[in-house]
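Please open the model in your viewer and keep the sequence panel at hand. The stops below are arranged so that each selection leads to the next.

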Amino acid sequence: MSVALTKQELHFLAMNIVGKDLEKRGFEFIAIESKLGKLPQFVCIDKNNQRYFVIVKTIMLPDNPNNYDVIWMETFKVHAQKHEANVLYAGVGLANAEDNTKPIFKGEEYLLEYNGIQVIEMNVN
């Protein structure tokens, strides 16, 4: 019997994908928050010691993982500015490989749409 991944497990999967991407880009991790709903998921610095807050969002396909709540992001940018951090957004789209109306099952293939990390413009509107 197949067991569906929980929301938390899907979130871990997305965080692993984004974490590997951040490592490849040369970011150093200061803090990692893996609990679903806690933000940011990653606090990183680059080679110039610039701090970044990275938001990882798991989206079930066919919804677009590149879209985020623009109004909410404005409030988060204010929070990041208080900590002298820039904001990066990473949307990770996931779906069952055979039927996107079914959940993703443990140990089975899944579809992935990940277009990399988006730099969020820090001007507050």
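In which loop is P40 found? Select P40 and follow the backbone to either side: the residue is found in the loop between β1 and β2. Please note at the outset that this is a predicted model. The peptide bond that joins L39 and P40 is cis, with omega at about -10°.

**Helix α1**

Next, select residues 7–24, which form helix α1. This helix has 18 residues and reaches 26 Å from its first C-alpha to its last, close to the 26 Å expected at 1.5 Å a residue. Now colour its buried positions: L10, H11, L13, A14, M15, I17, V18, G19, D21 and L22. Display the strands around them as well, since the buried residues of α1 pack against β1 (28–32), β2 (42–45), β3 (51–60), β4 (85–96) and β5 (110–114). Beyond the end of the helix, stop at G26, which follows α1 and has a positive phi, near 90°.

**Salt bridges**

How many salt bridges does the structure hold? There are three, and two of them can be reached from this part of the chain.

Show the side chains of E9 and K106, which form a salt bridge with their closest N and O atoms 3.1 Å apart. E9 lies in helix α1 and K106 in the loop between β4 and β5, so the pair ties together parts that are 97 residues apart in sequence. E9 counts as partly exposed, at 26% relative accessibility, and K106 is likewise classed as partly exposed, at 44%.

Then select D21 and R25, whose side chains meet in a salt bridge at 2.9 Å, N to O. D21 counts as buried, at 12% relative accessibility, whereas R25 is partly exposed, with a relative accessible area of 48%.

**Helix α2 and its internal pair**

Move to helix α2, residues 70–82. Its 13 residues should span 18 Å at 1.5 Å a residue, and its end C-alpha atoms are 19 Å apart, which agrees. Colour M73, E74, F76, K77 and A80, which are buried. What covers the buried residues of α2 includes β3, β4 and β6 (118–120).

Display K77 and E74 together: they form a salt bridge, the closest N and O atoms being 2.9 Å apart. Being three residues apart in helix α2, K77 and E74 are separated by about one helical turn. An α-helix has 3.6 residues a turn, so residues three or four places apart point the same way.

Is K77 buried or exposed? K77 is buried, with a relative accessible area of 4%. Select its contacts outside the neighbouring sequence, counting no residue up to four places away: K77 touches V87, I120, E121, M122, N123 and V124.

**The largest pocket**

Turn on a surface and look for the largest pocket, which has a volume of about 470 Å³. It is lined by 21 residues, of which H11, L36, V56, K57 and T58 lie nearest its centre. Which element supplies the largest share of the lining? Six residues, the largest share, come from β3. α1, β3 and α2 each supply at least two lining residues. By residue class, the lining divides into 14 nonpolar, four polar and three charged.

**The loop after β3**

Continue to L61, found in the loop between β3 and α2. L61 counts as buried, at 12% relative accessibility. With neighbours within four places in sequence left aside, L61 is in contact with G93, L94, A95, N100, L111 and E113. Measure also to L112: its C-alpha lies 8.5 Å from that of L61, although the two residues are 51 residues apart in sequence. One step along the chain, the peptide bond from L61 to P62 is cis, with omega near 20°.

**Two positive phi angles**

Finally, select N49, found in the loop between β2 and β3. N49 has a positive phi of about 65° although it is not a glycine, and it counts as exposed, at 59% relative accessibility. Then select E84, in the loop between α2 and β4. E84 is not a glycine either, yet has a positive phi of about 55°, and E84 is exposed, with a relative accessible area of 68%.

Definitions and conventions
Residues numbered from 1 in each chain as written. Predicted model: local features only at pLDDT ≥ 70, side-chain atom pairs only at ≥ 80, totals over all residues. Heavy atoms only, no water. Helix = DSSP H or I, 4+ residues; strand = E, 2+ residues; numbered from the N terminus. Expected span 1.5 Å × (residues − 1). Buried < 20%, exposed > 50% of the residue type's maximum accessible area, 1.4 Å probe, protein only. Contact = heavy atoms within 4.5 Å. 1 Å grid on protein atoms, 1.4 Å probe; cavity = no way out; pocket = protein on both sides within 12 Å on 5 of 7 lines; lining within 4 Å. Points joined across faces, edges and corners; volume = space filled by probe spheres on them. Nonpolar A, V, L, I, M, F, W, Y, C, P; charged D, E, K, R; others polar. Salt bridge = Lys/Arg side-chain N within 4 Å of Asp/Glu carboxyl O.
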